[in-house]
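Biologist: Got a minute to walk me through this one? I'd like to start with a single residue and work outwards.

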Amino acid sequence: MEAVFLKIVNMSINAGWLVLAVLAIRLLLKRAPKSVMVMMWALVGIRLIWPSPLKSVFSLIPSTKPINTTTYMSKPYIQSGIKIIDDGMNGYLAEHYMEGFHLPTGSFHNLMRGLSVMWIVGMVAMLLYSFISCLSIRKKVREATLMKEQIWLCDHISSPFIFGIVRPRIYLPSDMCDADMEYVIAHEKAHLKRYDHLWKPLGFLLLIVYWFHPLLWAAYVLLCRDIEFACDEKVIKEMGSGIKKSYAEALINCSVPRKMIAVCPLAFGEVGVKERIKKVLNYKKPAFWTVIIAVVACVALAVGFLTNPSSQLQKKYPQYFNLDASEGLEVYIWQMSEDSYYCGLLSGSTPVKSEMELWNLEGTTMDEMREILSTYNIAREDITLIPYIHPLSSYWGEIDDDYQEKLEEVFWGK
């Protein structure tokens, strides 16, 4: 559970960079079609769902594993890709979170377990909230009467909305005036054509998993706003600019206060009504170059943030990646001087390694080897540290139990 939580945290941090990029583009391209902005938010969802993106030299993700650790390590190791952050954080962690010295052994593992439990409790709470909200809406519309096709009239609702995923229905208040109804129905049908009744619940489902990340809450709120803006634009484009004033009046007449973030329904007058009215009244068809720039920005975001940077270590030490770890891994460590160590990596203890195989090991630093090991899904007890007197070593110490213990303290950071 702790390993899954750490993976989720790392994925959320990487998605956070994309959210910041979308926010910046959203501010710079205010006149761009909102449908393109919704596509940019969709990229955030893809980044959160897709655990192993392609690698690219054009990737703008600073680090694939910002918290470069697994549950067997004694303390977290930050590798955000931004040197000033890494140096400051890792220096602090080295001083305050050294297990067996500053903290009891197992403290980091216990901390991860506690945070994992909190993460699960948060997800359960949000799922329960969603379930209760849907039951409340279903109770209100159970006595609705069919008007035509998939449009229903209901006495117990104050604003029109779409409810349902497999068989979505448009619900209208029974007392809605005919003048507003034409525009409301056009807006809700635009939602159905764009499959917003599927995308919004999917976005909320991702928010349930990543509820601890504040940027993703902001992303969900803005996604909901941009979905509504996109439908407003679609209706005006299809029905003509002459409806802008009447459409804005329908927004005013159907507006209701929004109390909490919701997974559903897609309510006509619930999200950003004041801003939507301004945009409707001031709407002009986007210039051709504005559309082109927005599309290019969307493509650039996909290339830059849906790919991971190519691993420099994998290029440098390809022989140490994708080893068979089913029988464990062996890290051979040789000392070159008083404070200088080099490491080599081989698959588990069978078959017995030949002297030539050990001789041909290419030395990595301890930090590099720890990063290589973090790419394997393997517990610490399945990683064996083996002191090795390399023929090229300039340090010839006695390898005994004390030396083994010292080696483990140095390597694992105790």
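Modeller: Sure. Start with threonine 364, which touches Tyr317, Tyr320, Tyr341, Tyr342, Cys343, Met369 and Ile372, not counting residues up to four places away in sequence. Contact here means heavy atoms within 4.5 Å.

Biologist: Before we go on, what sort of model is this?

Modeller: This is a predicted model, where local features need pLDDT of at least 70 and side-chain atom pairs count only at pLDDT 80 or more, while totals for chains, interfaces and linings use all residues. Residues are numbered from 1 along each chain as its sequence is written, and side-chain values use heavy atoms, with hydrogens and water left out.

Biologist: Fine. Where does threonine 364 lie?

Modeller: In the loop between helix H12 (355-359) and helix H13 (366-373). Helices (H or I, at least four residues) and strands (E, at least two) are DSSP runs, numbered from the N terminus.

Biologist: And is threonine 364 buried or exposed?

Modeller: Threonine 364 is buried, because its relative accessible area is 0%. The cut-offs are under 20% relative accessible area for buried and over 50% for exposed, with partly exposed in between (1.4 Å probe, protein chains only).

Biologist: What does phenylalanine 411 touch?

Modeller: Leaving aside neighbours within four places in sequence, phenylalanine 411 is in contact with Val331, Ile333, Cys343, Met366, Met369, Arg370, Leu373 and Leu385. Phenylalanine 411 sits in helix H14 (residues 401-412) and is buried, with a relative accessible area of 0%. Its C-alpha atom is 6.5 Å from that of methionine 366, 45 residues apart along the chain.

Biologist: Zooming out, how many helices and strands are in the chain?

Modeller: The chain has 14 helices and ten strands. Of its 414 residues, 47% count as buried. For contacts with a separation of 6 or more, 68% come from residues 24 or more positions apart.

Biologist: Which residues have the most contacts inside the largest nonpolar core?

Modeller: Leu18, Met40, Trp41, Val44, Leu172, Tyr247 and Leu301, in a core of 72 residues. There is also a second, separate core of 28 residues, which includes Leu313, Tyr403, Leu407 and Phe411. A nonpolar core is a set of buried Ala, Val, Leu, Ile, Met, Phe, Trp, Tyr and Cys residues joined through side-chain atoms within 4.5 Å.

Biologist: Back to Tyr247 for a second. What does tyrosine 247 touch?

Modeller: Tyr183, His187, Asp232, Val235, Phe268, Arg276 and Val280, not counting residues up to four places away in sequence. Tyr183 and His187 are in H5, and Asp232 and Val235 are in H7.

Biologist: At what angle do H5 and H7 pack?

Modeller: Helix H5 (residues 178-193) and helix H7 (residues 214-239) pack at about 115°, with their axes 9 Å apart. Axes are lines fitted to C-alpha atoms, for helices over the stretch in contact, and angles run from 0 to 180 degrees between N-to-C directions.

Biologist: Which residues meet there?

Modeller: From H5, Glu182, Tyr183, Ala186, His187, Ala190, His191 and Lys193 meet Ile227, Glu228, Cys231, Asp232, Lys234, Val235, Glu238 and Met239 of H7. The residues of that contact divide into seven nonpolar, two polar and six charged. In that split, Ala, Val, Leu, Ile, Met, Phe, Trp, Tyr, Cys and Pro count as nonpolar, Asp, Glu, Lys and Arg as charged, and the others, Gly among them, as polar.

Biologist: New topic: where is threonine 307?

Modeller: Threonine 307 lies in strand E7 (residues 307-309) and counts as buried because its relative accessibility is 11%. Its side chain reaches the backbone oxygen of valine 303 at 2.6 Å. Its contacts beyond four places in sequence include Arg47, Pro53, Leu54 and Ile61.

Biologist: Any odd backbone angles? What is phi of glutamate 149?

Modeller: Near 45°, a positive value in a residue other than glycine. Glutamate 149 is in the loop between strand E2 (145-148) and strand E3 (151-154), and counts as exposed at 62% relative accessibility. Tyrosine 195 also has a positive phi, of about 60°, although it is not a glycine. Tyrosine 195 is in the loop between H5 and helix H6 (196-209), and counts as partly exposed at 47% relative accessibility.

Biologist: Last one: what is isoleucine 49 in contact with?

Modeller: Met11 and Leu206, leaving aside neighbours within four places in sequence. Isoleucine 49 lies in helix H2 (residues 34-49) and is partly exposed, with a relative accessible area of 49%.

Methods. Polar contact = N/O pair within 3.5 Å; in protein donor to acceptor, adjacent residues only side chain to side chain.
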